[in-house]
Amino acid sequence: MVKDNKLLLLIMSFIFTIFAFNITTPVSAEGNTYNSLNPGKEWRDTNGEIIQAHGGGIMYDEKTETYYWYGEDKTNGYLPATGVHAYSSKDLYNWKDEGVVMKAIEKREDMDTDPYLIDVYKNRSAAEKDVIFSDINSARGVLERPKVIYNEKTDKYVLWLHVDGPYEGSDSNYAKAKAGVAISDSPTGPFEYLESNRLNKMPEGYEYKVRNTGMSRDMNLFVDDDGTGYIIYSSEENYSLYISKLNEDYTAIAGEEYGKDFIRAIYNGHREAPAMFKYDGKYYLITSGATGWDPNPARYHVADSVLGEWTDMGNPVLGDGASTTHGSQSTYVLPVDPENGKFIYMGDRWNSKDLKNSRYIWMPIEFGQEDEMVLNWYDEWSLDILDRMGKVTINTDIPNKVLVGETPNLPSSVNVTTPKGGTFDTPVTWSYDTEEFSKLGTVIVKATFPELLNKVLNIKIAVVPPVNVGELELNADVLLYGDQYTLTTTITNNTEKDKEITVNADVPNGWKIEPMTLQVDSLDSKDITIPVIPADDGVPTIFNLNVTANYEDKEVENGVEIVAIPKVEHLAFALDAGTSTSTVFGDYDPLSPNEKWDSDKGYGWIGTVPDSRDRGVVDSLRKDLIASYNPATLGLSIPAGYHTVYVISGDRQYGQGNTMITVDGTKVAETGGTAQGQFKVLSFGLDGGASGRKVDLEFTGEAGKHWVFNALMVKKDKTAPTIHAIVNGKVFDETFTVMESENVTFTWEAKDNESGIAEVSASFDGEVYTEGTNITLTGKLGEHHLKVKAVDKAGNVKESSYVINVTTSAADMQILVDRFEEGGEFANHGAARSLKAHLHSVDHFVEKNEMEKAIHHMENFKQVLDHHKGNKLISEKVYHILNSSSNYLLEKW
C-alpha cells in the first residue's frame with residue numbers, strides 16, 4: 001500500500017512537472033514552437049532559454065541553408081562580458097542555441113591553460129595574446145554589435161564587433177572606440193579573435209567633430225552584389241557616421257583614400273546603430289539617435305551607391321511610435337528576399353536595469369513610393385505578410401494638400417509602377433479620418449490595392465490654411481547687437497482668389513523691422529526677404545520671433561528662435577564654452593577645460609577642471625558646452641564698476657539638472673533644470689569696486705547630474721533702467737485721462753536687466769509721492785504731472801514723466817452731487833435733487849448731440865447753483881467745485 005502511494009505520488013509529480021513546463025515555456029517536444037513573430041514579447045530558443053543575441057545581426061549561410069543569428073550575450077548584464085552568442089534557424093521563428101561562438105576571456109592565464117582557448121589561439125604569440133586579452137577580457141571588455149559575413153574567397157566566416165574599454169590612460173568604458181575582427185571556419189565557431197583597430201579618419205582640410213582619430217563604435221556590415229564588403233560605423237565621438245570598404249578578406253579596411261575607400265556618410269548628425277541594405281538598385285541606411293539605452297526617433301537615408309551621397313529621408317515611423325521607433329533601436333536589416341522587397345527590421349528594446357531581459361523588435365519593412373519606407377507596428381505577424389511589402393509608385397496625380405476643413409478628391413483607380421510588374425492601372429480604396437482634415441497638419445491617407453495582395457501605401461496630405469507663412473530662415477544663426485540681418489520666408493496663397501497680404505514681425509523694443517505688403521496670386525507663392533535690425537546694444541537673450549501675415553482681417557503666423565548677444569567690444573569678457581577643439585564663435589574667446597587661470601587673460605579654471613562636449617548642432621554658440629558632475633571654480637578679474645554676468649545654460653541632446661552658481665558662499669543664480677533642447681539665460685551682478693577685483697564663480701549641480709553652460713559674458717552696466725507707470729492697475733504710456741469723480745493710485749514697474757534696481761522715487765505735481773497712495777481728484781480739473789525716477793546699482797538713472805488729464809461730464813457731476821449729499825454738504829435733499837435734474841437734462845442733450853439745449857440747461861444749472869449759495873443751501877467748498885466743473889464744460893463746448 002505504501003509502495004503504491006509512493007508510485008502514485010511519483011506519477012502525479014511527473015505529470016505536474018510536464019504540465020508546468022509546458023505552461024511556463026513555449027517549447028514543444030518537436031522544438032518547433034513558434035509560427036509567428038511577436039515584437040517585444042519574450043522569445044526563447046528551442047531549449048526554452050531566453051535568447052541572448054542583443055545588438056546583433058543575421059547571416060544566411062548558403063552552404064547549410066541556415067540562418068545564423070549573432071548577438072551580445074547579456075546574461076551577466078552590462079559586465080562582465082560573456083562574448084558573442086549564436087543561434088541557428090531554418091524558419092526565422094525557432095532558434096537553436098549554438099553557444100558562445102567567440103568567448104570573452106576571464107583571466108590572461110586561461111589562454112595558456114584552458115584547452116578551448118589554447119586550441120583557438122594556438123598560433124598566437126604571448127604578446128599577441130596580451131593584446132587580445134586587453135580587448136576581450138570579461139571584466140572590462142565592452143563587446144557590442146557583433147555581425148558576421150561569409151567570405152567566398154577565403155572560405156572564412158568573418159565577425160566584426162565594436163570593442164571598447166579603458167585606453168591610453170583613460171579608465172572610461174568607452175575610451176578605446178575600436179573595431180575588432182575575428183574569423184572562423186564554421187558559422188558556429190569557434191571564432192579566433194584577430195585584433196582591433198581604429199578605422200578611417202578625415203583627410204587634412206576637412207572639418208570634424210571633437211576628435212579625428214578614426215574612432216569606431218556602433219557598427220554594422222554589408223556585402224554588395226559584387227562581393228565588396230563594407231563596415232558602417234559611428235565615429236568622431238558618435239557625431240558622424242562613416243562607411244569604409246573592406247579588403248578582399250573582409251578582415252581590414254581597404255585603404256585610406258577618401259571617396260574611393262571610405263566616406264563620411266552623415267556628418268555631425270549624432271547617429272548610431274546603423275543598419276544598411278539594398279533594394280531595387282538603391283541603398284538604404286537606418287540609424288538611431290544617440291540617447292544611451294533610451295529609444296529615440298529613427299531616420300533613414302538613401303543613396304545610389306554605397307560611397308556616394310546619402311539623402312536624409314526622415315523618420316520611417318509614422319504616427320504612434322514615431323518618437324521612439326516603437327520603443328526600439330535599430331541593429332540590423334535582414335534581407336529575406338531582397339529582389340521581391342522582403343526585408344525585416346531588427347531592433348532592440350533595451351532594458352537598462354535588466355539587460356538580459358531586453359526584448360527584440362522585428363517588423364516588416366514596408367516600401368512605399370519611390371524611395372519611401374515605413375515601419376508599422378504589428379502585435380503579431382508571420383512571414384507571409386512580406387509578400388505585400390514591395391515598392392509601389394503611384395503615377396496618377398494625387399493632391400498633396402487641401403484647405404483646412406475640406407477633404408481630398410481621390411480617384412478610384414490609379415496608374416502604378418512596381419519593380420517586377422511594370423506600369424499598369426489598378427483599383428484603389430482610400431481610408432482616412434475626416435476629423436483629421438479639420439485641423440492644420442499632415443494627414444496620413446491609406447491607399448489599399450486589392451489586386452496587389454491588399455498592399456497599403458501611406459499618402460501624406462498637408463492640411464493648410466488659406467494663407468501660409470513658410471519656414472523662416474535668418475542669414476545668421478546667432479545675431480549680434482548693432483549688426484543687420486535678413487529673414488527670408490515664403491508666403492503661400494492656398495486659395496483660388498488673389499490676395500493682398502501684409503507681412504510683419506513682433507520684434508523687441510529697440511529693434512527695427514519694416515512691414516511689407518505684397519500681392520500673391522491664387523494657388524501661388526512668393527519668396528520675401530525682410531531686413532531685421534537688432535538694437536545697437538543689449539543683453540544676451542533667447543526669444544521666439546513671430547512673423548505674421550495679415551489678410552482680409554485674418555492673421556497667420558510662424559516663429560523662429562532668435563539668439564541675440566552683445567559684440568565683444570561691449571563686453572568685459574566674451575567666452576564661448578566648449579571643447580579644446582571646438583570652433584569658437586566669432587571674436588569670442590575660448591573657454592575649454594584647458595583654460596587654466598591666467599592673470600594676464602583675467603579668467604580661467606582654478607583647481608579641478610570640468611569636462612566638455614561638442615554636440616555639433618543648434619547654432620554656432622550653443623553647439624558646445626562645459627559639463628561636469630563635480631564642482632568647478634572659474635576665476636574672473638572683474639574690472640572696476642558694476643558688471644553683470646550672463647550665463648547661457650542648456651543642452652540640445654539631453655535634459656539637464658539644476659546648474660547653480662555661487663559667489664563668496666552665496667548662490668547667485670540657478671537654472672532649476674532644463675529640458676532637452678531648452679536653454680536659459682542666467683544673470684547676476686558683480687561689483688568690481690573702485691579698482692577691480694578677482695571673483696571666483698563656483699559651478700555645481702544636483703547629485704548625480706551634470707551642470708552645464710554654453711557661454712559666459714560679463715557686461716559693464718551702462719544701460720538705464722526701464723519704467724512702466726500703472727494707474728489704478730492699468731499700464732499707461734505718457735498720458736492718462738481720468739474723470740473728476742475718480743480717485744487714482746499710482747504704482748510702477750522699474751526693471752534693470754543688468755545690475756538691478758537700487759532705488760525708485762516719485763513726485764506728483766512737485767510733491768513727494770509714495771507708491772500706492774490714494775489721490776482724490778475732485779475739484780482738480782486739468783493737467784497734473786507724475787514723475788518717476790529709477791536708479792540701478794551701477795548708478796544709471798532713468799526719469800519718466802507722465803501727464804494725467806482730469807476731466808468731467810454732466811454724468812460725472814451727478815456722481816459728485818450724490819457724493820456731496822451723502823457727505824452732508826447740502827441743507828436738504830431738495831437742493832441736491834434740483835441740481836441733479838438740470839444735470840440729467842444736460843447729459844440727455846449731450847448724448848443726442850443737441851449742444852445748444854445742453855448749454856442752456858447747464859446755464860440754468862449755474863443759476864440754481866448761485867441760488868443755493870445765496871440761501872446757504874450748499875457749502876462754500878462744494879459750490880466752488882461744481883461751479884468750476886460747469887465753467888469747464890461750458891468753455892469746452
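This section describes backbone features found in the loops of a predicted model.

Two cis peptide bonds are described here, and in each the second residue is a proline. One of these bonds joins L79 and P80, with an omega of about 0°. P80 is placed in the loop that runs between strand β2 (66–72) and strand β3 (83–89). The other cis bond joins G189 and P190, and its omega is likewise about 0°. P190 belongs to the loop between β7 (178–184) and β8 (192–197).

Positive values of phi were also examined. D155, a residue other than glycine, has a positive phi near 55°. D155 is located in the loop that links β5 (142–151) and β6 (156–164). The relative accessible area of D155 is 36%. Buried residues have under 20% and exposed residues over 50%, so D155 is classed as partly exposed.

A positive phi is also present at E236, where the angle is about 50° although the residue is not a glycine. E236 occupies a position in the loop between β10 (229–235) and β11 (240–245). The relative accessibility of E236 is 0%, and E236 therefore counts as buried.

Taken by position, P80 lies between β2 and β3, P190 between β7 and β8, D155 between β5 and β6, and E236 between β10 and β11.

Notes:
Residues are numbered from 1 along each chain as its sequence is written. This is a predicted model: local features need pLDDT of at least 70, side-chain atom pairs count only at pLDDT 80 or more; totals for chains, interfaces and linings use all residues. Side-chain values use heavy atoms; hydrogens and water are left out. Helices (H or I, at least four residues) and strands (E, at least two) are DSSP runs, numbered from the N terminus. Buried means under 20% relative accessible area, exposed over 50%, partly exposed in between (1.4 Å probe, protein chains only).
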